[in-house]
Amino acid sequence: MHPTPPGAPSAPEQAARRGGILRQPLAVWATAFAAVVAFMGIGLVDPILPAIAEGLDATPSQVSLLFTSYFLITAVAMLVTGWVSSRIGGRRTLLAGLALVVVFASLAGASDTVGQLIGFRAGWGLGNALFVATALAVIVGAASGGAESAIILYEAALGLGISMGPLLGALLGDMSWRYPFFGTAALMAAGFLLIAALLGPTPPPQRRTGLTDPIRALAHGGLATAAFTALFYNYAFFTVLAFTPFVLGMDAHGIGLVFFGWGVMVALASVFGAPFLQRRIGTVRVMHLALGLLVLCQLGLALTGRTGIIISTILSGIPIGLNNTAFTEAAMEVSDAPRPVASAGYNFVRWLGGAIAPYAAGRLGEEINADLPYYVGVVSCLIAVLILVLRRRHLSGLERVDNDHAVQENPLPSRT
């Protein structure tokens, strides 16, 4: 009998990998389906932003507050998700988050003013925070193939949801801007029923999470570096997502198709491109590469006409997909904090970028010119690169993780 080489996966891990990322328990697929719908809510409003502005007599910057309220509440709520889930359990937290999304998405569809819509999107963000932060931990805990496979599956759900959201928004928004909200509520209700039926009680954590634990976790240099780099990256990300519908000059179907193409690029880069590049050049270099590509895409958005804007928007999905996977894996692996705690602290910081960018981009575009938001996005990406360069030593642990993954994929041959 040959001994297992150092660093090689154990027999159960090898068996899980042979099963492939797609061979997962039904509970994982139920959670992933609900995650797809949750992420659909991010891009859902993109095609209907001009229609909402027209229907509710609002300016682009006012309508952009649909993103700002959503992500601001999502960011703040991340600080309490671990506290809640460690007391009522992951399953109940998922169901509570889904229930809140169903309620507030329905209320958003029934809104009569832009103020009401902004407020209901904030409630939606609370439900989304409870669900999204817990879903990653549940998928990691229940998936076969280890944390890496689970994160890839989670990012696949993110990419699929972001790509399908604009299509659903365009299809239903063609009849009324209200229908995409009602459609999301119905799909989330289906996700609620699936998780209630298929996901059993989740094991309690070894200890309860305190309210300050996510902030304390950010004292770790590596996690703080990943989080604050992701904050500036997310500013650029959501400048593209929230402001571009206003400069495309297209109807809901056109905007929906452009962002569907963008979402497909996000999904492909997340699931296939990022793992491939991480194994070959390392996670930190993937971040550098993706931020550089995002700079080029934003320059394309600022400097070209409609055709160039369409192409740049779709291609920007590639660096965004690469970074989504790279940053999520970095946040999960770089510190010794429990994954739910690390996820909460990381997401609290990074979603602030998603909260600031839509409103800031809208005001800059209205008051100065439509190119300036993208130039600010370029500067934001360069700041993110600077943080990575100056604090690279705090991410040195990721190099060991990348090396472990490479060994597991190509283990040394056994010696007789």
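## Close-up views of a predicted model

**Figure 1. A nonpolar patch on the surface is built from Leu26, Phe33, Leu194 and Leu198.** Together these four residues offer about 340 Å² of accessible area. Two elements, helix 2 (26-43) and helix 8 (179-198), each give two or more residues to the nonpolar patch. Please keep in mind for this view, and for those that follow, that the model is predicted. If you would like one residue to start from, try Leu198, which is found in helix 8. Leu198 counts as partly exposed because its relative accessibility is 37%.

**Figure 2. Helix 4 runs over residues 60-88 and carries a kink.** This helix has 29 residues, and from its first C-alpha to its last it reaches 40 Å. That span is close to the 42 Å expected at 1.5 Å a residue. Where is the kink in helix 4 centred? Look at Leu79: the kink is centred there and comes to about 40°. Just after helix 4 comes Gly89, with a positive phi of about 95°.

**Figure 3. Ile88 of helix 4 is viewed together with Thr202.** Ile88 has its place in helix 4. Is Ile88 buried, partly exposed or exposed? With a relative accessibility of 36%, Ile88 counts as partly exposed. In sequence, 114 residues separate Ile88 from Thr202. In space, their C-alpha atoms are 9.9 Å apart.

**Figure 4. Asp57 shows a positive phi in the loop ahead of helix 4.** The loop in question joins helix 3 (49-55) and helix 4, and Asp57 has its place there. Its phi is near 55°, a positive value in a residue other than glycine. As background for this view, most residues other than glycine have a negative phi. Asp57 also counts as exposed, because its relative accessibility is 73%.

**Figure 5. Leu49 of helix 3 is buried.** You will find Leu49 in helix 3. Its relative accessible area is 0%, so Leu49 is buried. A handy distance to check here is the one from Leu49 to Ser64: their C-alpha atoms are separated by 8.0 Å. Along the chain, these two residues are 15 residues apart.

**Figure 6. Ala150 is a buried residue of helix 7.** Helix 7 covers residues 146-173, and Ala150 lies in it. Ala150 counts as buried because its relative accessibility is 0%. From the C-alpha of Ala150 to that of Val138 the separation is 9.4 Å. The two residues lie 12 residues apart along the chain.

**Figure 7. Asp112 and Arg178 form a salt bridge between two loops.** A search of the whole structure finds two salt bridges, and this view is devoted to one of them. The closest N and O atoms of Asp112 and Arg178 are 3.9 Å apart. What does the pair tie together? Asp112 lies in the loop between helix 5 (90-109) and helix 6 (114-142), while Arg178 lies in the loop between helix 7 and helix 8, so the pair ties together parts that are 66 residues apart in sequence. Asp112 is exposed, having a relative accessible area of 56%. Arg178, at 24% relative accessibility, counts as partly exposed.

**Figure 8. A salt bridge within helix 15 joins Arg363 and Glu367.** The N to O distance between these side chains is 2.2 Å. Helix 15 spans residues 339-367, and because Arg363 and Glu367 are four residues apart in it, about one helical turn separates them. Arg363 counts as partly exposed at 31% relative accessibility. Glu367, with a relative accessible area of 53%, is exposed.

**Figure 9. Cys297 and Cys381 are two buried cysteines without a disulfide between them.** A disulfide is a covalent bond between the sulfur atoms of two cysteines. Taking sulfur atoms within 2.5 Å as the cut-off, the count comes to zero disulfides. Why is Cys297 not bonded to Cys381? The closest cysteine sulfur to that of Cys297 is in Cys381, and at 9.5 Å it is too far for a bond. Cys381 is in no disulfide either, the nearest cysteine sulfur being that of Cys297. Cys297 counts as buried because its relative accessibility is 12%. Cys381 counts as buried too, with 0% relative accessibility.

Technical notes:
Residues are numbered from 1 along each chain as its sequence is written. This is a predicted model: local features need pLDDT of at least 70, side-chain atom pairs count only at pLDDT 80 or more; totals for chains, interfaces and linings use all residues. Side-chain values use heavy atoms; hydrogens and water are left out. Patches are made of residues with over 30% relative accessible area and no salt bridge: like charges are joined within 9 Å, nonpolar side chains (Val, Leu, Ile, Met, Phe, Trp, Tyr) within 5 Å. Accessible areas come from the Shrake-Rupley method with a 1.4 Å probe; for residues, only the protein chains shown count as cover. Buried means under 20% relative accessible area, exposed over 50%, partly exposed in between (1.4 Å probe, protein chains only). The expected span of a helix is 1.5 Å times one less than its number of residues. The bend at a residue is the angle between axes fitted to the seven residues ending there and the seven starting there.
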